[in-house]
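Visitor: I am new to this structure and would like a close look at a single part of it. Please take the salt bridges, and then place them in the rest of the protein.

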Amino acid sequence: MPSATGATGRTRGEALLAGTKMVAEMLLAAVLLLLALPALLLIALAIKIESRGPVCYRALRVGHQGRPLAVLKFRKMRVGTSGPPVTAAGDERFTRIGAFLARRRIDEIPQLWHVLRGQMSLVGPRPEDPRFVALHPRAYQEILTVRPGLSGWTQLVFRDEGDLIGAGRDVDPVRRYVDDLLPEKVRLDRLYAGDRRLTTDCKLLLWTPLVLFCRFDVEYAGKAEHDGGTELHSKSGHDGKTVGCDGRKELFRLVRNSSANDTRAGRATCRSRRVPHRGAEDGDADERDERDERSVAHQGGCPCRRARHQAAPVHDNHPQTTRAGR
């Protein structure tokens, strides 16, 4: 007998599982907030001592089902600064404590409040700026069916996002982000949204502290392979694996970053090589069609080309718009 399906397209069993997961995450978020409270108070005190302004600010993101979501973050920049909506490592707008918070992603801990309210998940796609979501509308139709998360494949693979953005000092940071990083982040978020599993969530929760605090990296090997008759499909199999013609293959690997003498720029270059650039062999017809449509529009003088390739400075004294991007 087929399972009853609701208006959202989910079976009763899937809806029950999603509700159970949400309740469990809310309870876990409450516990984590209580455990982290002393550290959060110390961070708040350090922010207030170093520079004037609020301890936290809200950054506008696109949430579940496309609803606006003003995410909480610790303030990392001096009040009154302005600049592009993305930040590279060493951005002059950072305070000293802010640079540390951004490097360790500690600035996002207040978002546990959104998990407690059911607006976010502990694991899920990274919430993105509306300006960048508008560049990939088809992909985000799928991604936004899932609640955004504190951790996920995108967050771990691109943990050194600031280093990657600043790897080419002569390149505009917005263009670097939109052209090189965003397409890969979209692909990783679609990968998670298209095959959500409890085992994958547990793996991501276990890997997150190792990546952030124990010098581990997550390698992504999702580029299509045609060598030796093996083709990896875009739909993942069980628990972060992809099924090829010759059996299963890991899409993600947790590896030890043992080189203590590497500079941040060197690690960023290495990570950039590990994250493949998307090409015609990727096998994603929707994404190719979407890129073709944008290319045609740009050739016709569409103003979004300027928005995509030029940094549009934000001029406002409020830290929400000052640090609106990342």
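Guide: What follows starts with the whole protein, goes through the salt bridges one by one, and ends with the parts around them.

The model is a predicted one. The protein has 13 helices and eight strands. Of its 326 residues, 47% are buried. Among contacts with a separation of 6 or more, 72% are between residues 24 or more positions apart. The protein exposes about 16,500 Å², and carbon and sulfur atoms supply 57% of that area.

Now to the salt bridges. Side chains of opposite charge can pair when their charged atoms come close. The structure holds 19 salt bridges. One of them joins the side chains of Lys 76 and Asp 107, at 3.0 Å from N to O. Lys 76 is in the loop between strand 2 (68-74) and helix 2, while Asp 107 is in the loop between helix 2 and helix 3 (112-116), so this pair ties together parts that are 31 residues apart in sequence. Lys 76 and Asp 107 are both buried.

Another salt bridge is formed by the side chains of Asp 160 and Arg 159, with 3.1 Å from N to O. Here too, both residues, Asp 160 and Arg 159, are buried.

The pair Arg 175 and Asp 179 also forms a salt bridge through its side chains, at 3.4 Å from N to O. Both belong to helix 8 (residues 173-194); because they are four residues apart there, about one helical turn separates them. Arg 175 counts as partly exposed, since its relative accessibility is 42%. Asp 179 is partly exposed as well, with a relative accessible area of 27%. Buried means under 20%, so neither of the two falls in that class.

Salt bridges can also be linked to one another. Lys 73, Glu 108, Arg 126, Glu 161 and Lys 185 are linked in a network of this kind.

Helix 2, which was used above to place Lys 76 and Asp 107, also has a helix partner. The axes of helix 1 (residues 12-50) and helix 2 (residues 96-104) come within 9 Å and cross at roughly 145°. On the side of helix 1 the contact is made by Ile 43, Ala 46, Ile 47 and Glu 50, and on the side of helix 2 by Arg 96, Ile 97 and Leu 101. Sorted by class, this contact has five nonpolar residues, two charged ones and no polar ones.

Helix 1 takes part in a surface feature too. Leu 28, Val 31, Leu 32, Leu 35 and Leu 205 make a nonpolar surface patch of about 410 Å². Helix 1 gives the most to this patch, with four residues. Leu 35 is found in helix 1, and its relative accessible area of 65% is over 50%, so Leu 35 counts as exposed.

A buried loop residue makes a contrast to that. Gly 152 has its place in the loop between strand 4 (149-151) and helix 6 (153-157). Its relative accessibility is 1%, so Gly 152 counts as buried. Leaving aside residues up to four places away in sequence, Gly 152 touches Gly 124 and Leu 204. From C-alpha to C-alpha, Gly 152 and Tyr 192 are 8.0 Å apart in space, with their positions 40 residues apart in sequence.

Note on methods. Residues are numbered from 1 along each chain as its sequence is written. This is a predicted model: local features need pLDDT of at least 70, side-chain atom pairs count only at pLDDT 80 or more; totals for chains, interfaces and linings use all residues. Side-chain values use heavy atoms; hydrogens and water are left out. Axes are lines fitted to C-alpha atoms, for helices over the stretch in contact, and angles run from 0 to 180 degrees between N-to-C directions. Helices (H or I, at least four residues) and strands (E, at least two) are DSSP runs, numbered from the N terminus. Contact means heavy atoms within 4.5 Å. Ala, Val, Leu, Ile, Met, Phe, Trp, Tyr, Cys and Pro count as nonpolar, Asp, Glu, Lys and Arg as charged, and the others, Gly among them, as polar. Patches are made of residues with over 30% relative accessible area and no salt bridge: like charges are joined within 9 Å, nonpolar side chains (Val, Leu, Ile, Met, Phe, Trp, Tyr) within 5 Å. Accessible areas come from the Shrake-Rupley method with a 1.4 Å probe; for residues, only the protein chains shown count as cover. A salt bridge is a side-chain nitrogen of Lys or Arg within 4 Å of a carboxyl oxygen of Asp or Glu. Buried means under 20% relative accessible area, exposed over 50%, partly exposed in between (1.4 Å probe, protein chains only).
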